[in-house]
Amino acid sequence: MFVGISMFACKTPNAYPTPTPVCGYAMTADAFYAIQNYILSDANPYDTFNGSAVYSEINDTIRNHVADSIIFEIFLTEISNESVCVDVFIPNNDQFRQQVECAYMQATFSAIVPTHRSMRVFVYTNPNGTGDIPFKEAITNKKY
């Protein structure tokens, strides 16, 4: 899984798909590329103040809404005092994908999790969490 993340972080997708709202949220290409540029700047969001605590709260919240039998990974991608973004690698299943996205966007978090939330979604093709990891979509609750 880490190899897939590393490979994606080193390149930019050829074309950002037309934003499709999920649970009422979508992300513009500009917002997507701003996050991509943050990643390429060698930032490590886990080293920021409360980075691990923010990740733990988000991870626990999403996993509480998803069946234990589903293999998926959540990575903290960007965090500041105002904004947090996670990358999620999940099975290529539209119903499950929307369940994860809605759980994240509609959750009530503690004060350590910034109110501006974003999620970039990648899907894998094999049941064990391996296989091609194409970019699927991205959502955010902030207007750009």
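Hi everyone. Let me start with the charges: a search of the whole structure finds four salt bridges. Please keep in mind that this is a predicted model. Three of those salt bridges involve one arginine, so let's begin there. The arginine in question is Arg97, and its side chain meets that of Asp94 in a salt bridge, at 2.4 Å from N to O. Where do Arg97 and Asp94 sit relative to each other in helix α4? They are three residues apart there, which means that about one helical turn separates them. Their surroundings can be told apart, too. Arg97 counts as buried, at 5% relative accessibility, whereas Asp94 is partly exposed, with a relative accessible area of 44%.

Now look at Glu101. Glu101 also forms a salt bridge with Arg97, and here the closest N and O atoms are 4.0 Å apart. Glu101 and Arg97 are four residues apart in helix α4, so about one helical turn lies between them. Both Glu101 and Arg97 are buried.

Then there is Glu137. The side chains of Glu137 and Arg97 meet in a salt bridge, at 2.5 Å from N to O. This pair links distant parts of the chain, with Glu137 in strand β4 and Arg97 in helix α4, 40 residues apart. Is Glu137 buried or exposed? At 10% relative accessibility, Glu137 counts as buried. Put the pieces together, and salt bridges that share partners join Asp94, Arg97, Glu101 and Glu137 into one network.

Let me step back to the whole chain. There are four helices and four strands. If you read along the sequence, the pattern is α-α-α-β-β-α-β-β. The chain has 144 residues, and buried residues make up 45% of them. As for contacts between residues at least 6 apart in sequence, 63% join residues at least 24 apart.

Next, the sheet. How are the four strands arranged? They form an open sheet in the order β1-β2-β3-β4, and the pairing is mixed. At the edges stand β1, residues 73–79, and β4, residues 135–140. Each of these two has a single partner strand, so one side of each is left without a neighbour in the sheet. From one strand to the next, the twist averages 20°.

If you'd like to follow one pairing on the screen, take β1 with strand β2, residues 83–91. These two pair in the antiparallel sense over six bridges. For example, Ile74 has Val88 in β2 as its bridge partner.

Two helices to point out here pack on this sheet. Helix α2, residues 29–40, touches β1, β2, β3 and β4, and its direction makes about 90° with that of β1. Helix α3, residues 51–63, touches β1, β2 and β3, and its direction makes about 140° with that of β1.

On to the nonpolar interior. How many residues does the largest nonpolar core have? It has 26, and those with the most contacts inside it are Ile58, Ile62, Tyr104 and Met119. At least two residues of this core come from each of α3, β1, β2, α4 and β3. The largest share, five residues, comes from α4.

Met119 is a good residue to click on. Setting aside residues up to four places away in sequence, Met119 touches a list of residues that includes Ile62, Val88, Val100 and Tyr104. Two names from our salt-bridge network, Glu101 and Glu137, are also among the residues that Met119 touches. A second, separate core has eleven residues, including Met27, Cys85, Phe135 and Ala138. Met27, Cys85 and Ala138 are also among the contacts of Met119.

One last stop is Ser83, which is found in strand β2. Ser83 is buried, with a relative accessible area of 11%. What does the side chain of Ser83 make a polar contact with? The partner is the side chain of His116, at 2.9 Å. Leaving aside neighbours within four places in sequence, Ser83 is in contact with Glu78, Pro114 and His116.

To close, here is a picture to take away. The four strands form an open sheet, helices α2 and α3 pack on that sheet, and a salt-bridge network joins Asp94, Arg97, Glu101 and Glu137. Thanks for listening!

How values were computed: Residues numbered from 1 in each chain as written. Predicted model: local features only at pLDDT ≥ 70, side-chain atom pairs only at ≥ 80, totals over all residues. Heavy atoms only, no water. Pairing = 2+ DSSP bridges. Axes fitted to C-alpha atoms, helices over the stretch in contact; angles between N-to-C directions. Contact = heavy atoms within 4.5 Å. Core = buried A, V, L, I, M, F, W, Y, C linked by side-chain atoms within 4.5 Å. Buried < 20%, exposed > 50% of the residue type's maximum accessible area, 1.4 Å probe, protein only. Polar contact = N/O pair within 3.5 Å; in protein donor to acceptor, adjacent residues only side chain to side chain.
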